[in-house]
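Me: I should like to go through the surface and the charged pairs of this model, asking at each step what justifies the term used.

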Amino acid sequence: MRRRSRSCGYEYSAIISKESNVKRIGIIGSGSIGAAVARLAIAADYEVLIANSRGPESLTDLIDELGPRAQAGEVRAAAEFGDIPVLAVPLAAYPNLPIDAFAGKSILSTGNYYPHRDGRIEELDTLESTTAEYEQTLLPDTLIVKAFNNILFPHIPNLANSLPRTALPVAGDDTAAKNRVCDIVNALGFDTVDAGTLAESWRFEPDSGAYTPIYAASADGFKNDYLADPGAPVSAGRLRTLLTASHRPDVGARQF
């Protein structure tokens, strides 16, 4: 059947068939964001292969929770499982990735730069580069697309398939790669807004005007205990307004 769907902020037509190929997605990183994305993927009828730096044996509890469409594997296997791997690891972990396994692929990157975790990175502190552009230099033979990096992990399940539907920003330099990632984000339960290129992705980095607090149900409640905040939908129109009004943060002054 033919379905009208949103991809990166515009309408497009897609042919959906019950006989279509099995959907598969590999996720590198089993922390809060990686696990949240894995749960949405399973709910959306994807087969999932998830990996982390500690090895498949460390993922037993998560795989048991996710069920029979999920499996644990090595990072290389996750990178090669499906067309678009999800990368949910700290910047410091990039040098340990099997770079050749990602070559030629579009990558959905969920990460941010947190100096307390990643150490100080001069290119980012001086605004010479956005985090996404820096990631692209670390994985030069790929197409980095940013998504899921401006929303807290507890808000991901709470706002997936919300009514009204919640929108997430998506940024990338390659239009086709960006649209493919938008298709995944749509399938996982969110509308998407085209937030521009990797150079413009600062608009939804930490401390910008379109970062995690925009999804809070209560500003005071979020400030007091952000993990307990249930979240509230943000429409595509509202997100576009926030992205336009966003300010580039002083990354060099970031303490978290």
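Reply: The model is a predicted one. For burial, the terms are set by relative accessible area: under 20% is buried, over 50% is exposed, and values in between are partly exposed.

Me: Why is Leu 227 called partly exposed?

Reply: The relative accessibility of Leu 227 is 44%. Partly exposed is the term for values between 20% and 50%, so Leu 227 falls in that class. The residue is located in the loop that runs between helix H10 (219-224) and helix H11 (236-245).

Me: Which residues form a nonpolar patch with Leu 227 on the surface?

Reply: Phe 153 and Tyr 226 form the patch together with Leu 227, and the accessible area of the three together is about 280 Å². Membership requires over 30% relative accessible area, and Leu 227 has 44%.

Me: What makes Arg 76 and Asp 100 a salt bridge?

Reply: Their side chains meet at 2.9 Å, N to O. The cut-off is 4 Å between a side-chain nitrogen of Lys or Arg and a carboxyl oxygen of Asp or Glu, so the pair qualifies. Because Arg 76 lies in helix H3 (residues 75-79) and Asp 100 in helix H4 (residues 99-102), the bridge ties together parts that are 24 residues apart in sequence.

Me: Why is Asp 100 called exposed, whereas Arg 76 is called partly exposed?

Reply: Asp 100 has 52% relative accessibility and therefore counts as exposed, the term for values over 50%. Arg 76, with a relative accessible area of 36%, is partly exposed.

Me: How do you know that Asp 125 is buried, and what is the class of its partner Arg 120?

Reply: Asp 125 is at 19% relative accessibility and so counts as buried, the limit being under 20%. Arg 120 is partly exposed at 43%. The two side chains meet in a salt bridge at 2.9 Å, N to O.

Me: What makes Glu 135 and Lys 146 a salt bridge, and are the two residues buried or exposed?

Reply: The closest N and O atoms of Glu 135 and Lys 146 are 3.0 Å apart, and the cut-off is 4 Å. Glu 135, at 0% relative accessibility, counts as buried, and Lys 146 is likewise buried, with a relative accessible area of 2%. The pair links distant parts of the chain, eleven residues apart: Glu 135 belongs to helix H7 (residues 131-138) and Lys 146 to strand E8 (residues 143-146).

Me: How many salt bridges does this rule give?

Reply: The count comes to ten.

Methods. Residues are numbered from 1 along each chain as its sequence is written. This is a predicted model: local features need pLDDT of at least 70, side-chain atom pairs count only at pLDDT 80 or more; totals for chains, interfaces and linings use all residues. Side-chain values use heavy atoms; hydrogens and water are left out. Patches are made of residues with over 30% relative accessible area and no salt bridge: like charges are joined within 9 Å, nonpolar side chains (Val, Leu, Ile, Met, Phe, Trp, Tyr) within 5 Å. Accessible areas come from the Shrake-Rupley method with a 1.4 Å probe; for residues, only the protein chains shown count as cover. Helices (H or I, at least four residues) and strands (E, at least two) are DSSP runs, numbered from the N terminus. Buried means under 20% relative accessible area, exposed over 50%, partly exposed in between (1.4 Å probe, protein chains only).
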